[in-house]
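Me: I'm new to this one and would like a quick tour. Can we start with the salt bridges and then wander a bit?

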Amino acid sequence: MRIKKHPVLSSIVEKTEVEFIFEGKMLKGYEGEPIAAALHENGVRVLRHDHRPRGFFCAIGNCSSCLMEVNGEPNVRVCVEELRDGMVINMQEGKGKLKGGEE
Amino acid sequence: MLHTEIAIIGGGPAGMCAAIAAANQGARVTLFDRGKRLGGQLVKQTHRFFGSEKEYAGIRGIDIAKILYEEIEKNKLIDVKLDTTVLAIYSDGVISYEEGKSYKRMTSEKTIIAAGAAEKMLLFENNDLPGVYGAGAVQTLMNEHGIVPGNNVLMIGAGNIGLIVSYQLMQAGVKVAAIIDAAPKVGGYLVHASKVRRLGVPILTSHTIKTALGNETVEGAVICEVDDKFNPIPNTDQTIDVDIICLAVGLSPQGELLRQTGCEVKYVPSLGGFVPLRDENLQTTTNGVYVAGDSAEVEEASSAMVEGTIAGLSAAEALGYGTNIVAIKEGFKNDLDVLRSGAVGEKIKSGLKLLSC
Ligand SMILES: Cc1cc2nc3c(=O)[nH]c(=O)nc-3n(C[C@H](O)[C@H](O)[C@H](O)COP(=O)(O)OP(=O)(O)OC[C@H]3O[C@@H](n4cnc5c(N)ncnc54)[C@H](O)[C@@H]3O)c2cc1C
Ligand code: FES
């Protein structure tokens, strides 16, 4: 849920809405916000599976709990990677597959 | 290869103050931060700060960051590199970093490490379930990006961070089911505890978490009472419905880069874990490498700012800049003593005694 009213933070301003694709579904988010924030806002908390489901933990790029496949590139820390219009984001299994690498 | 006089790694309160202090003496400074803006932990602190007036107590953390940033912007001797993660410091002093998407290298005469701290994990069943978040992560999501983490939170840890983040959650309209802490007493300041109690949030001391419930994400938690040796007391289990478990169980200094320089470290629990030995100028046992702020010992923004200033002045002085720096530094060392005068300060001071070199 987005915070609409806040007693202290006046800087939460309206931003540009963009569309992106998550696991084949079209979702909406704000341009430039972390991908993890946009997913969270859409109710997506499970970001990958590595034997067990994993979500984010630190949200500042420290812990690598949030690795996903973005535009075909695996191991992207989506808590710090900014959302852009038309991005294709997929859940990652384990270590992920390198783009153009061997199967 | 690029070269700078003083490289400062980390643009939180410690690194920002180090940059200002060194540049004011005439040194050329490069300030690195992996974030999109300067400020470190300050940019998510919406509350008015405790501490002394000289270190901006009474002002909200987000506004302190702004004041320091304006001063940095004015100073032509400070080169700020944002969105830049320092990856490594090699034994020959080469600093490698990723600026945006490019990999680069730089050398420096002096290096100040002010990389802050990382949140601690807690051991319990299912602690890796999505929905178990660090308190800092919850703050980042809420106060930087304007998104609430969930509907109903169990906060683990009744220190200042646990109490303040609970209050911030409620400001954002999120319910806090309870704050629990294994210690028999609330660790944070009474003002913060009273604020959340008044809003009806129970603070359960001598309680711990046993299990996070849920298959794909957090759907609840089992908590129980602990005895004075922190062992769970049988038959005291209680299940609570929450969708977020927030961990505020302390921080440990970020020491990877420091260790790469080969400096000597010691394990001091009261300072947050492994911390570097340092002299009164905050120079580590590696010549030319200084440390300041939460990377030196987990403390507060106020002391981080003073330490940053002392480290910045010392590095500039070692390069031959400035006059009368010894006297200026004396003033700041006194400030640190004043900041560390309470009961918490005593604990920090006795920890620091183990680290002088
Ligand atoms: C909820 C909460 C409430 C608090 N309230 C108060 C208060 O009221 N009063 C008070 O005095 N203190 C308070 N503090 C503590 C205070 O915020 C910290 O002690 C202070 O921010 C430490 O400053 P620092 O500069 O050492 O580290 P940080 O603020 O953590 O800054 C470190 C910076 O280094 C950067 N960095 C790390 N590694 C790298 C790398 N490899 N490359 C590039 N950049 C890097 C990070 O991005 C970050 O910006 C609070 C903390 C929290 C979490
Ligand atoms: S959540 Fe820790 S790196 Fe993204």
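Reply: Sure, one term to begin with: a salt bridge is a side-chain nitrogen of Lys or Arg within 4 Å of a carboxyl oxygen of Asp or Glu. This is a predicted model, where local features need pLDDT of at least 70, side-chain atom pairs count only at pLDDT 80 or more, and totals for chains, interfaces and linings use all residues. Residues are numbered from 1 along each chain as its sequence is written, chains are lettered from A and ligands numbered from 1 in the order in which they are written, and side-chain values use heavy atoms, with hydrogens and water left out.

Me: OK, how many salt bridges does the structure hold over all chains?

Reply: There are 19 over all chains.

Me: And how many of them go across the interface of chain B and chain A?

Reply: The rule finds 3 salt bridges there. One of them joins Lys101(B) and Glu81(A), at 3.6 Å from N to O. Another pairs the side chains of Lys36(B) and Glu82(A), also listed at 3.6 Å, N to O. Lys36(B) sits in the loop between strand E2 (29-32) and helix H2 (61-74) of chain B, and Glu82(A) in the loop between strand E6 (73-77) and strand E7 (88-90) of chain A, so this pair joins two chains. Helices (H or I, at least four residues) and strands (E, at least two) are DSSP runs, numbered from the N terminus.

Me: Is Glu82(A) buried or exposed, or something in between?

Reply: Glu82(A) is partly exposed, with a relative accessible area of 22%. Lys36(B) counts as partly exposed too, at 45%. For the terms, buried means under 20% relative accessible area, exposed over 50%, and partly exposed in between (1.4 Å probe, protein chains only).

Me: How much area is buried between chain B and chain A?

Reply: About 3,000 Å², and carbon and sulfur atoms give 54% of that. Buried area here is the accessible area (1.4 Å probe) that two parts lose on being put together, summed over both. Asp128(B), Tyr133(B) and Ile147(B) supply 18% of the area that chain B buries against chain A, more than any other three residues.

Me: How many residues does each chain bring to the contact?

Reply: Chain B brings 39 residues and chain A brings 29, where contact means heavy atoms within 4.5 Å. Between the two chains there are also 10 residue pairs in polar contact, both residues being at pLDDT 80 or more. A polar contact is a pair of N or O atoms within 3.5 Å; within protein, one must be able to donate a hydrogen and the other to accept it, and residues adjacent in sequence count only if both atoms are side-chain atoms.

Me: Which parts of chain B touch chain A, then?

Reply: Strand E8 (132-134), helix H3 (135-144) and strand E15 (244-247) of chain B each supply at least two residues of that side. H3(B) gives the most, with 6 residues.

Me: Back to salt bridges. Which residues are linked in a network?

Reply: Arg278(B), Glu297(B), Glu299(B), Glu307(B) and Arg340(B) are linked in a network of salt bridges. Within this group, the side chains of Glu307(B) and Arg340(B) meet at 3.0 Å, N to O. Glu307(B) is in helix H7 (residues 301-318) of chain B and Arg340(B) in the loop between helix H8 (325-339) and helix H9 (343-353) of chain B, so the pair ties together parts that are 33 residues apart in sequence.

Me: Where do those two stand on burial?

Reply: Glu307(B) is buried, with a relative accessible area of 1%, and Arg340(B) is buried as well, at 6%.

Me: New topic: what does the secondary structure of chain A come to?

Reply: Chain A has 1 helix and 8 strands, running β-β-α-β-β-β-β-β-β from the N terminus on. Of its 103 residues, 44% are buried.

Me: What's odd about Ala59(A)?

Reply: Ala59(A) has a positive phi of about 65° although it is not a glycine. Its place is in the loop between strand E4 (52-54) and strand E5 (67-70) of chain A, and at 11% relative accessibility Ala59(A) counts as buried.

Me: Last one: where does Thr286(B) lie, and what does its side chain reach?

Reply: Thr286(B) lies in the loop between strand E18 (273-276) and strand E19 (289-291) of chain B. The side chain of Thr286(B) reaches the backbone oxygen of Thr261(B) at 3.0 Å. Thr286(B) is buried, with a relative accessible area of 18%.
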